[in-house]
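Happy to walk through this one with you. Have a look at the sequence and the model, and then we can ask what stands behind each label.

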Amino acid sequence: MTADRQAETSQEVLIAGGGIGGLALALTLHQIGVPCRVFETVEDPRPLGVGINLQPNAVRELIDLGISRADLDAIGLPIREWTLLGLRGQEAYAEPRGEEAGYNWPQYAVHRGQLQMMLLDKVIERLGADRLVLGARVTGYDQDDSGVTARITRADGTEDTARGRLLIGADGLHSAVRAHMYPDQPPIQWGGAVMWRGTTKIAPMRTGASFIGLGTSRHRMVLYPISHPDADGLVTMNWIAEVTFDNSGGWRSGDWNRKVEHSEFVHHFDGWTFDWLDVPALLNATSDVWEYPMIDRDPVPTWADGRVALMGDAAHVMYPTGSNGASQAIIDARVIGAQMLAHGVTPAALAAFDAALCEPVSALVLRNRGAGPFALLNLIDDRCGGQFDHIDDVVSPQEKDDLMAVYKKAAGFAIQTLNAAPPTIPAGATAKLTA
């Protein structure tokens with residue numbers, strides 16, 4: 001490497017992880033004129049995963065990054081309704097979502113892997129392929145007054161280093177950056193719930209773009225489409241089947257996601273047949289089913305260590321009950337960029353990011369552990385065992401509205417607050433390398 005190239009790369013922000021959060025951060029830094037490099041463990045990224053939801057606060061940030069509605073429509077569709085149904089399929093709660101609820105931006109249900117590939121393509125297009133280093137895992141770091149050195153293990157087993165101004169750990173649930181920052185952190189926490197996930201072609205339900213939670217707090221289905229209707233009028237329906245077990249013995253498998261046979265789980269949903277949905281038939285019609293434990297990590301007191309910070313799942317992996325894990329990773333990226341505009345590309349920017357988000361998002365992790373917006377099902381379960389004819393006889397409309405409003409505020413997408421907020425990154429703003 002030439003002396004000029006060494007000087008140039010030493011000014012970069014190093015990003016550990018090329019998932020949704022890391023790629024959103026790379027695009028954000030490019031937008032504000034900050035050089036960066038992304039180190040991704042996988043040698044050949046593929047569109048893995050199933051469906052996720054992007055809340056309006058995250059969609060807003062993607063649009064401000066130059067991601068178009070057409071880009072998002074190619075990998076998903078706007079969600080129009082969020083609803084909870086009881087054990088017999090009767091409606092317990094329903095509300096409009098996205099623009100139909102009054103937001104200035106939609107809520108999107110998308111295929112997680114296709115979102116990652118779309119962001120990856122944007123990074124290569126805007127930053128250049130040389131700013132994405134594949135087959136390279138950041139395993140630790142050293143820092144001094146002038147910069148940070150990331151320790152890297154290549155796919156072939158060779159060791160390397162990279163020098164930069166800052167290092168951002170966007171390396172997910174099993175973050176090596178977090179493990180370096182917190183070598184004595186507690187193990188991953190499993191709350192007892194097991195999720196089986198898949199996608200199936202099926203006719204649209206309710207509004208045609210509804211997020212549906214069906215069942216009880218400990219035994220439920222979640223369904224939402226992640227595609228527009230095809231020529232036959234069918235959508236790709238993302239589904240999650242979930243059962244809560246005794247977790248006193250810890251997670252029973254060494255795998256955090258594994259392909260399973262239908263016979264391992266479909267029996268939990270025997271009898272879940274309604275005039276609008278045959279759940280066992282839906283599950284059995286799915287070719288590939290994956291099992292995941294519902295897991296998170298206990299919050300840590302700070303995400304920042306001098307020139308190093310955590311973001312996304314590395315900072316705050318959370319139960320998916322609020323459908324905001326990916327959304328929060330995108331918000332993290334944008335807030336990091338905003339703090340670099342305010343403080344330069346310096347440790348002070350990372351400290352300001354930490355001060356702004358660590359405490360409230362850590363509280364959100366714990367709130368999701370307590371069922372998040374599905375807490376309404378807990379309440380219904382407690383009061384009537386999930387069996388009811390008229391929901392207003394069990395939970396008043398005001399109780400339902402209040403519960404949902406509290407969660408939206410905690411998750412950062414209360415309508416009036418979000419609509420009135422100025423852009424996180426002002427158009428045309430650029431950051432200085434120093435404050």
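What follows is a set of questions and answers on a predicted model.

Q: What makes the pair Arg46 and Asp44 a salt bridge?
A: Their side chains come to 2.9 Å, N to O. The limit is 4 Å between a side-chain nitrogen of Lys or Arg and a carboxyl oxygen of Asp or Glu, so the pair qualifies.

Q: Why is Arg46 called exposed, and what is Asp44 called?
A: Arg46 has 53% relative accessibility, and exposed means over 50%, so the label fits. Asp44 has a relative accessible area of 44%. That value falls between the 20% and 50% limits, so Asp44 is partly exposed.

Q: Where do Glu95 and Arg97 sit, buried or exposed?
A: Both of them are buried. Their side chains also meet in a salt bridge, at 2.8 Å from N to O.

Q: How do you know that Lys400 and Asp392 form a salt bridge?
A: Their closest N and O atoms are 3.4 Å apart, and the rule asks for a distance within 4 Å, so this pair counts too. Lys400 has a relative accessible area of 9%, which is under 20% and therefore buried. Asp392, at 45% relative accessibility, counts as partly exposed.

Q: Which residues are joined into one network by salt bridges that share partners?
A: Those residues are Glu12, Arg37 and Arg131. By the same rule, the count comes to 21 salt bridges.

Q: Which residues touch the most other members of the largest nonpolar core?
A: They are Val13, Leu54 and Met340, in a core of 83 residues. Helix α10 (residues 347-369) gives the most to this core, with 8 residues.

Q: What is Val13 in contact with, leaving aside its neighbours within four places in sequence?
A: The list is Leu29, Val34, Pro35, Cys36, Arg37, Leu166, Ile168, Met340 and Val345. Each has heavy atoms within 4.5 Å of Val13, so each counts as a contact.

Q: Which residues belong to another core, apart from the largest one?
A: Among them are Val194, Val243, Phe274 and Leu277, in a core of 31 residues.

Q: What makes helix α3 (residues 56-64) largely enclosed by the rest of the structure?
A: The helix has 9 residues, and 7 of them are buried, so the description holds. The buried residues are Pro56, Asn57, Ala58, Val59, Arg60, Glu61 and Leu62. After α3 comes Gly66, with a positive phi near 90 degrees.

Q: How many cavities of 30 Å³ or more are there, and what lines the second largest cavity?
A: There are 3 such cavities. The second largest has a volume of about 40 Å³, and its lining is made up of Gly18, Leu23, Glu40, Pro45, Gln116, Leu120 and Leu132.

Q: How is the lining of the second largest cavity divided by class?
A: It has 4 nonpolar, 2 polar and 1 charged residues. Gly counts as polar here, so Gly18 falls in that class.

Q: Why is Glu264 called partly exposed?
A: Its relative accessible area is 33%, which lies between the 20% and 50% limits, so neither buried nor exposed would fit. Glu264 is found in the loop between β17 (258-260) and α7 (279-284).

Q: How far apart are Glu264 and Pro299 in sequence and in space?
A: They are 35 residues apart in sequence and 33 Å apart in space, C-alpha to C-alpha.

Methods
Residues numbered from 1 in each chain as written. Predicted model: local features only at pLDDT ≥ 70, side-chain atom pairs only at ≥ 80, totals over all residues. Heavy atoms only, no water. Buried < 20%, exposed > 50% of the residue type's maximum accessible area, 1.4 Å probe, protein only. Core = buried A, V, L, I, M, F, W, Y, C linked by side-chain atoms within 4.5 Å. Helix = DSSP H or I, 4+ residues; strand = E, 2+ residues; numbered from the N terminus. 1 Å grid on protein atoms, 1.4 Å probe; cavity = no way out; pocket = protein on both sides within 12 Å on 5 of 7 lines; lining within 4 Å. Points joined across faces, edges and corners; volume = space filled by probe spheres on them.
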